[in-house]
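Dear colleague,

I am handing over the structure we spoke about, and below it you will find my notes on what turned up in it. Please keep it open beside you while you read.

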Amino acid sequence: MEIDAVDTAPAKVDADVLAFAVPDPVDLPPKAQEIDGLLEGELRRLIEDGELKGKLGKTTLAHAEGRLAAHRVAAAGVGSP
């Protein structure tokens with residue numbers, strides 16, 4: 001497994017999984033908001049449905065379905081700031 005940290009526009013990250021950190025309580029950081037826009041609001045819907053959580057160790061996976069260069073997006077809970 002190879003993990004790279006990059007400061008690149010989310011739409012251009014060519015990876016199997018594009019991951020970002022989510023605090024508890026859930027608040028999408030600016031890059032995650034950009035990803036949400038590219039995913040047509042899917043991350044917000046997951047938050048509203050209670051599936052995307054910021055609790056430490058919780059991970060939510062969404063499929064990009066061609067909307068990003070990455071195949072999937074992972075929201076990784078990092079707990080309280």
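V22 stands opposite G77, a residue of β3, and this pair belongs to a parallel pairing in which β1 and β3 are joined over seven bridges. Please keep in mind throughout that the model is predicted.

The strands of a sheet pair through backbone hydrogen bonds, and they may do so in a parallel or an antiparallel way. Both senses occur here, since the pairing in this open sheet of three strands is mixed, with the order β1-β3-β2. Because β1 and β2 stand at the edges and each has a single partner strand, one side of each is left without a neighbour in the sheet. On average, and with direction ignored, neighbouring strands of this sheet are turned by 20° against each other. On the other side of the pairing scheme, β2 and β3 run antiparallel and are joined by five bridges; within β3, A75 is the bridge partner of T60.

That brings me to the two faces of β2. In a regular strand, the side chains alternate between the two faces of the sheet. In β2, T60 and A62 make up the covered face, whereas T59, L61 and H63 make up the uncovered one.

Which residues of the largest nonpolar core touch the most other members? They are F20, I35, L39, L43 and L68, out of 17 residues in that core. At least two residues of this core come from each of β1, α1, α2 and β3, and the largest share, three residues, is supplied by β1. To follow one of these residues in detail, you could look at I35, which touches P10, L18, F20, L43, L68 and V73 when residues up to four places away in sequence are not counted.

There is also open space to consider. Rolling a probe the size of a water molecule over the atoms shows where empty space is left. The largest pocket holds about 490 Å³ of space, and among the 20 residues that line this pocket, D4, V13, V17, L18 and A19 are the closest to its centre. The elements that give two or more residues to the lining are β1 and α1, and β1 gives the most, with four residues. As you will have noticed, β1 therefore appears both as the supplier of the largest share of the core and as the element that gives the most to the lining of the largest pocket.

Finally, three places in the loops deserve a careful look at the backbone. The peptide bond from D24 to P25 is cis, with omega near 10°, and P25 lies in the loop that runs between β1 (17-23) and α1 (30-38). E40 is not a glycine, and yet its phi is positive, at about 60°; this residue lies in the loop between α1 and α2 (42-48), and E40 counts as exposed because its relative accessible area is 55%, which is over the 50% cut-off. E65, also not a glycine, has a positive phi of about 50° and is placed in the loop between β2 (59-63) and β3 (72-79). Is E65 buried or exposed? With a relative accessibility of 65%, E65 counts as exposed.

With best wishes

How values were computed: Residues are numbered from 1 along each chain as its sequence is written. This is a predicted model: local features need pLDDT of at least 70, side-chain atom pairs count only at pLDDT 80 or more; totals for chains, interfaces and linings use all residues. Side-chain values use heavy atoms; hydrogens and water are left out. Buried means under 20% relative accessible area, exposed over 50%, partly exposed in between (1.4 Å probe, protein chains only). Two strands pair if DSSP finds at least two bridges between them. Axes are lines fitted to C-alpha atoms, for helices over the stretch in contact, and angles run from 0 to 180 degrees between N-to-C directions. A nonpolar core is a set of buried Ala, Val, Leu, Ile, Met, Phe, Trp, Tyr and Cys residues joined through side-chain atoms within 4.5 Å. Contact means heavy atoms within 4.5 Å. On a 1 Å grid over the protein atoms alone, a cavity is a set of points where a 1.4 Å probe fits but cannot get out, and a pocket is an open set with protein on both sides within 12 Å along at least five of seven lines; lining residues have an atom within 4 Å of a point. Grid points are joined across faces, edges and corners, and a volume is the space filled by probe spheres set on the points.
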